[in-house]
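This briefing introduces a structure to a reader who has not met it before. Please look it over with the sequence to hand, and then follow the topics below in order.

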There are 2 protein chains.
Amino acid sequence: MISKHADLDMFFNPKSVAVVGVSRNTRKFGHVIFKNFLESSLRAEIYPVNPQIDKILGRRCYKSISDIPGPVDLVVLAIANTYVLDLVKECAQKKVRGIIIIAGGFAEIGPQGKRLEEDILKVATENNMRIIGPNVIGIYDPYSGVDTLFLPRYRLLRPKKGNIAFISQSGAFGSALLDFAASQGVGISKFISIGNALDVDAIDSLEYLEHNEETTCIMMYLEGIKAKEGRDFYEIIKRISLRKPIILLKGGITQQGQKAAASHTGSISSTIEILQAVFKQTGVIQADDALQLFDMARIFSGVILPKGKGIAIITNAGGFGVLTTDQLIKQGLNLVSLDEKTINSLKEKMPEAVTISNPMDLIGDADTERYQLALNAVLADPHVDLVILIILLSLSYVESDIIDIINDAKVNQGKPIIVTTIGGDFTQMMVRMMEENQIPTFPNPKRTVDAVKALIQYSDFCERKEECEFQ
Amino acid sequence: MISKHADLDMFFNPKSVAVVGVSRNTRKFGHVIFKNFLESSLRAEIYPVNPQIDKILGRRCYKSISDIPGPVDLVVLAIANTYVLDLVKECAQKKVRGIIIIAGGFAEIGPQGKRLEEDILKVATENNMRIIGPNVIGIYDPYSGVDTLFLPRYRLLRPKKGNIAFISQSGAFGSALLDFAASQGVGISKFISIGNALDVDAIDSLEYLEHNEETTCIMMYLEGIKAKEGRDFYEIIKRISLRKPIILLKGGITQQGQKAAASHTGSISSTIEILQAVFKQTGVIQADDALQLFDMARIFSGVILPKGKGIAIITNAGGFGVLTTDQLIKQGLNLVSLDEKTINSLKEKMPEAVTISNPMDLIGDADTERYQLALNAVLADPHVDLVILIILLSLSYVESDIIDIINDAKVNQGKPIIVTTIGGDFTQMMVRMMEENQIPTFPNPKRTVDAVKALIQYSDFCERKEECEFQ
């Protein structure tokens, strides 16, 4: 077995890439992947391979990998499962360093596929090659430009540069969330689809991301950890959690879900009880659903950690203040009592109808100025560690300069500010502007509070661990 | 007290409307409301009232309500709290039938405001006038064109005609959800903001909606039911639930939340234990959050009721199949085993890699045709009462003709089909097209399963009540 600490950098920063199975049919995976490489910002030689054709998209097409003149760092195999073993052998001869196997039809379909996987791994191990896949959509790196996602960009948007890394066992899950992230203006650092994880698995990916400078938090969708790797996994997430928050969504936490996962990625799940204990000990944050995974990653990428558990709510919509309070209490979180000084200073400046307490209801006619007064006073309150700012825009006088107010407050007071807002086109425009400014926004009290809870949980974990290096 | 059974039709279908407090300042509530009436499709006389000005937007402006030549059915008071009592008296002289009081500053600010409310109610009751408000954004009816929402339409979108009625105690909450609904292509039948509910309250609104033909389901945001009305409320929701599903989000279900609600709409909440029992006995569906309220209403407005609890999942994304299974099991729902016949017929037609079970994983390369085969076979299965159709579009060959397939299947097989899909621009376009076709879609397994659970809960309630008349 290759050292688990081997670097995966040939996947993300290759000097030369061959795409095998580049068809003239523009819908075929090989064609899309090759075209995306051509259009990308990657500084590398790109070679198409297909024995049937001479030229593709104006480039010479090679009959085989061995025909390629120079060295090849990375090979993307966009061909059916039955051809894979032979091509991996050819890669070995060419001294290729990394292979991405897109095709399914391996361990997840039964013993025959499992044997095929073992044969492939043997060749790779003996020849010091690393493999991502099979049964994957591969990787995406907005920094280097590597993009092996086999759907065209009009159909699957690519997120901009950001600092959330994303490891997904399921390719479809991964691509849907990337597409969604891009549409929400949320950036990522690296995406790795590990699929059947024949060689490169969650552990390798985590170790690579541990030292990746662009990555400040890691989100993962996993269906199973192989039993033999359990201990390694535990040690690694425990170590990395101290530097970068890890948010994990585990598919197959019920018996029926596990059964479904077995036929999907061939994973055998650990029992949920063991996992829960692992999460607690390691500081890993468990997401309950696809959107929650995304929400929790966003909140870590955008804000600083709170220094305590004191939460304050400022709102222009009483109803959302009430609902957010309900959600906080149900989740075991609590609202702080504001300091007398804060209350007195605000009572002088605010209209009579404003409720100066926590939640603070600035009422429907609040404008940007009233928000500024309230936000600065509440953030300056020594009892307050985090502010949930509810701004319903459709019924308000608030304009886009609220973003400057929030940015100023964030910079000057060093406490996290989380926004709740929901509405139509006007609101959506403001949400994108806030995301651009790394102000995390959520559409409803529940999603806000779920994400805030993750933030406080991690901050609490860091508080208890002296060796925590986050921020 | 006026009979609780009095009709509210003068609010939704007035022949003549006066807006009092129409300012030349285009941002003031009175101006916006008057302008929206002028631009609406409402067939009614519209009179602006303001003693200071002669003309507004090309129309003669009246000095007072009594100056208006003809009769006035509905008056919208867009003026400060201190002027309201005098104007209500003037309305009485003019024999106005309905008044909407926009201003806040009444019961929610203390005893003085409470006394003012009592004086106003006395005048209204003695003169057979009905009042909506105070502390409201009023009403919206896309069928008649009545629109007293005081924010311009570029800022607060108005939903199209639909069959979900929406009662909200909080105006800001209501307007944000209307704006959001409009942006998602979801229609509504009537919107009523009841605010302090001095006269027209949730009970009156429900009774009006009970007989409203455009309304097939009712969603409500309430912070409190006054104790003296508890019994009436119980009887009415019990009766209406048999004909139209009622989905209720209760603000203030925790002690701290109740405290916040008291300063917001002056409501005193019933204890949550009593409410839970009431929900169970009456068939009212309890939502846990703002988005869930919206989701549950959508699922009832779009689909037929399932005839049993047999759920099947069809997916092109294994991970989402696993996560949806987990959510169903956690919520106490269950996947059925497919009939042998269904399995055998599909095994003949499907590629080997497709998992013919429940969940059924059509795998990433599934196209519309494969979905059609699977959907028709699964819907025809006698064990299946409802299908959750997961279509991750960004990594697929599925095109917009999937909508025709779903529509055909819905019409021909008479079983509900609920879609889960998440992604970027391409997906969002498809989601809007599906909503146009009354196919309810949700972005993630949890929201799908929460809504499905509500549907099955109500269908179960109807099953047990012979007198249920829904559909």
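In which sense do S5(A) and S6(A) pair, and over how many bridges? S5(A) and S6(A) run in the parallel sense, and their pairing extends over four bridges. The model discussed here is a predicted one, and the points below take up a sheet in each chain, a helix of chain A, a further run of strands in chain B and the relation between the copies.

**The five-stranded sheet of chain A**

- In chain A, five strands make up an open sheet whose order is S2-S1-S5-S6-S7, and the pairing within this sheet is parallel.
- The edges of the sheet are formed by strand S2 (45-49) and strand S7 (130-132) of chain A, each of which pairs on one side only.
- Between neighbouring strands of this sheet the turn is 20° on average, with direction ignored.
- Where S5(A) meets S6(A), A:Val75 has A:Ile99 in S6(A) as its bridge partner.

**Helix H3 of chain A**

- Helix H3 (residues 81-93) of chain A has as its buried residues A:Val84, A:Leu85, A:Leu87, A:Val88, A:Glu90, A:Cys91 and A:Ala92.
- These buried residues of H3(A) pack against three strands, namely strand S1 (16-20), strand S5 (74-77) and strand S6 (98-101), and also against helix H4 (111-126) of chain A.
- After H3(A) comes A:Lys95, a residue whose phi is positive and lies near 60°.

**The five-stranded sheet of chain B**

- Chain B holds an open sheet of five strands in the order S2-S1-S5-S6-S7, again with parallel pairing.
- Strand S2 (45-49) and strand S7 (130-132) of chain B are its edge strands, and each of them pairs on one side only.
- Neighbouring strands of this sheet are turned against each other by 20° on average, if direction is ignored.
- Towards one edge, strand S6 (residues 98-101) of chain B pairs with S7(B) in the parallel sense over three bridges, and within this pairing B:Gly98 has B:Arg130 in S7(B) as its bridge partner.

**Strands S16, S17 and S18 of chain B**

- From strand S17 (residues 417-420) of chain B, B:Ile417 and B:Val419 point one way while B:Ile418 and B:Thr420 point the other way, and all of these residues are buried.
- Strand S16 (residues 386-390) of chain B runs parallel to S17(B) and is joined to S17(B) by four bridges, with B:Leu389 standing opposite B:Val419.
- S17(B) is also joined by two bridges to strand S18 (residues 441-442) of chain B, which runs parallel to S17(B), and here B:Val419 has B:Thr441 as its bridge partner.
- The chain passes from S17(B) to S18(B) through helix H15 (residues 425-436) of chain B, and this β-α-β crossover is right-handed.
- A right-handed β-α-β unit is likewise made by S16(B), helix H14 (residues 402-413) of chain B and S17(B).

**How the two copies are related**

- Chain B is superposed on chain A by a rotation of 180° with 0.0 Å of shift along its axis, and the RMSD is 0.0 Å.
- The two copies are therefore related as by a two-fold rotation axis.
- The same surface serves both copies, since 100% of the contact residues of chain B recur in chain A.
- Among the residues of chain B, B:Arg447 comes closest to the rotation axis, with its C-alpha at 5.8 Å.

Conventions. Residues numbered from 1 in each chain as written. Chains lettered and ligands numbered in written order. Predicted model: local features only at pLDDT ≥ 70, side-chain atom pairs only at ≥ 80, totals over all residues. Heavy atoms only, no water. Pairing = 2+ DSSP bridges. Axes fitted to C-alpha atoms, helices over the stretch in contact; angles between N-to-C directions. Buried < 20%, exposed > 50% of the residue type's maximum accessible area, 1.4 Å probe, protein only. Right-handed = clockwise from strand over helix to strand, strands pointing away. Least-squares fit on C-alpha atoms with pLDDT ≥ 70 in both. Contact = heavy atoms within 4.5 Å.
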